[in-house]
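Dear colleague,

I am handing over the structure we spoke about, and below it you will find an account of what turned up when I went through it.

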Amino acid sequence: MKIKHNVVGVVGTNCYFAVNETSNECLIIDPGDQAQRLSEKIQANELKPVAILLTHAHFDHIMAAEALAKEYEIKIFVHEDDARMLMEPSLNCGSMIGARVSFKADETVKDGQKLFLAGFDIEVLHTPGHTPGGCCYYFAEEGVVFSGDTLFCESVGRTDLPGGSSSTLIRSIREKLMKLPDLTIVYPGHGEPTKISTEKQYNPFV
């Protein structure tokens with residue numbers, strides 16, 4: 001796997017391209033904004049998008065998803081508990097920046113579900129707390145997890161938005177993410193990558 005990192009939107013959201021180096025197929029994870037810029041990067045690197053994976057449905061992680069899905073004729077995946085949030089600007093918080101973001105996911109996922117996309121085996125880890133349907137995508141063979149706004153480098157996601165719960169978030173992290181192998185690389189929704197071992201040792205929240 002090769003991971004291409006893009007920072008997009010007004011709050012600096014990490015959008016990742018998880019690339020299969022053999023086929024050049026890729027997964028687009030959290031395309032938060034700037035669809036044209038992301039498309040230009042896809043074309044410049046001759047990537048072949050296969051699907052869009054959303055870690056949750058807040059506006060800053062989803063605003064380019066619909067345009068890219070239409071351009072590349074690919075499906076959008078989101079956890080079933082955030083499906084409604086995609087369609088409700090008051091819930092996805094697009095209204096915070098005066099944006100009306102509303103669309104439907106093509107596929108919903110649930111905890112423990114196994115996906116096979118772009119040649120990768122992926123496990124869905126439901127990690128509510130930041131949002132009811134927040135989830136992480138774990139690539140065991142590659143030793144990486146895309147954590148969205150659940151877990152950051154030495155920090156955790158905010159819980160003061162609709163559907164948030166600090167106790168639920170901490171429980172999610174402890175029960176789902178802290179049980180992953182220590183050397184698992186964490187690619188968060190904002191900020192720098194980290195490792196599970198680092199978070200076990202230095203994260204003051206968990």
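Glu66 counts as partly exposed, at 32% relative accessibility, in what is a predicted model. Its side chain meets that of Lys70 in a salt bridge, with 3.8 Å from N to O, and Lys70 counts as exposed at 61% relative accessibility. Because the two residues are 4 apart in helix H2, about one helical turn separates Lys70 from Glu66. The helix that carries them, H2 (residues 65–72), lies across S3, S4 and strand S5 (75–79) and runs at about 145° to S4.

A search of the whole structure finds 5 salt bridges, and two others among them deserve a description here. Lys176 and Asp111 meet through their side chains at 3.1 Å, N to O. This pair links distant parts of the chain, with Lys176 in helix H5 (residues 166–177) and Asp111 in the loop between S6 and strand S7 (114–117), 65 residues apart. Both ends count as partly exposed, Lys176 at 24% relative accessibility and Asp111 with a relative accessible area of 39%.

Asp182 forms a salt bridge with Lys200, and the closest N and O atoms of that pair are 2.7 Å apart. Since Asp182 lies in the loop between H5 and strand S13 (185–188), while Lys200 belongs to helix H6 (residues 196–202), the pair ties together parts that are 18 residues apart in sequence. Here too the residues count as partly exposed, with 38% relative accessibility for Asp182 and 42% for Lys200.

Turning to the sheet that H2 lies across, its 6 strands form an open arrangement in the order S1-S2-S3-S4-S5-S6, with mixed pairing. S1 and strand S6 (107–109) stand at the edges and have a single partner strand each, so one side of each is left without a neighbour in the sheet. From one strand to the next, the twist averages 25°. Within this sheet, strand S3 (residues 25–29) and strand S4 (residues 48–53) pair in the parallel sense over 5 bridges, and Cys26 has Pro49 in S4 as its bridge partner. Helix H1 (residues 35–44) also packs on the sheet, where it touches S1, S2, S3 and S4, and its direction makes about 155° with that of S1.

Two loops around these elements hold residues whose backbone you may wish to look at. Asn24, in the loop between S2 and S3, has a phi near 70°, which is a positive value in a residue other than glycine; Asn24 is partly exposed, with a relative accessible area of 23%. Glu46, in the loop between H1 and S4, likewise has a positive phi, of about 55°, although it is not a glycine. Glu46 is exposed, with a relative accessible area of 62%.

Further along the chain come strands S7, S8 and S9. S7 and S8 pair in the antiparallel sense over 4 bridges, and Leu117 stands opposite Phe120 in S8. These two strands form a hairpin with 2 residues between them, and Ala118 in the turn has a positive phi of about 55°. On S8 (residues 120–126), 5 of the 7 residues are buried, so the strand is largely enclosed by the rest of the structure; the cut-off behind that reading is a relative accessible area under 20%. S8 also pairs with strand S9 (residues 135–139), again in the antiparallel sense and over 4 bridges, with Val124 opposite Tyr137 in S9.

Lastly, there is a nonpolar patch on the surface, of about 380 Å², made by Val10, Val11, Met96 and Ile97. Of these residues, Val11 is placed in the loop between strand S1 (2–8) and strand S2 (13–19), and Val11 is partly exposed, with a relative accessible area of 45%.

With best wishes

Terms used
Residues are numbered from 1 along each chain as its sequence is written. This is a predicted model: local features need pLDDT of at least 70, side-chain atom pairs count only at pLDDT 80 or more; totals for chains, interfaces and linings use all residues. Side-chain values use heavy atoms; hydrogens and water are left out. Patches are made of residues with over 30% relative accessible area and no salt bridge: like charges are joined within 9 Å, nonpolar side chains (Val, Leu, Ile, Met, Phe, Trp, Tyr) within 5 Å. Accessible areas come from the Shrake-Rupley method with a 1.4 Å probe; for residues, only the protein chains shown count as cover. A salt bridge is a side-chain nitrogen of Lys or Arg within 4 Å of a carboxyl oxygen of Asp or Glu. Buried means under 20% relative accessible area, exposed over 50%, partly exposed in between (1.4 Å probe, protein chains only). Two strands pair if DSSP finds at least two bridges between them. Axes are lines fitted to C-alpha atoms, for helices over the stretch in contact, and angles run from 0 to 180 degrees between N-to-C directions. Contact means heavy atoms within 4.5 Å.
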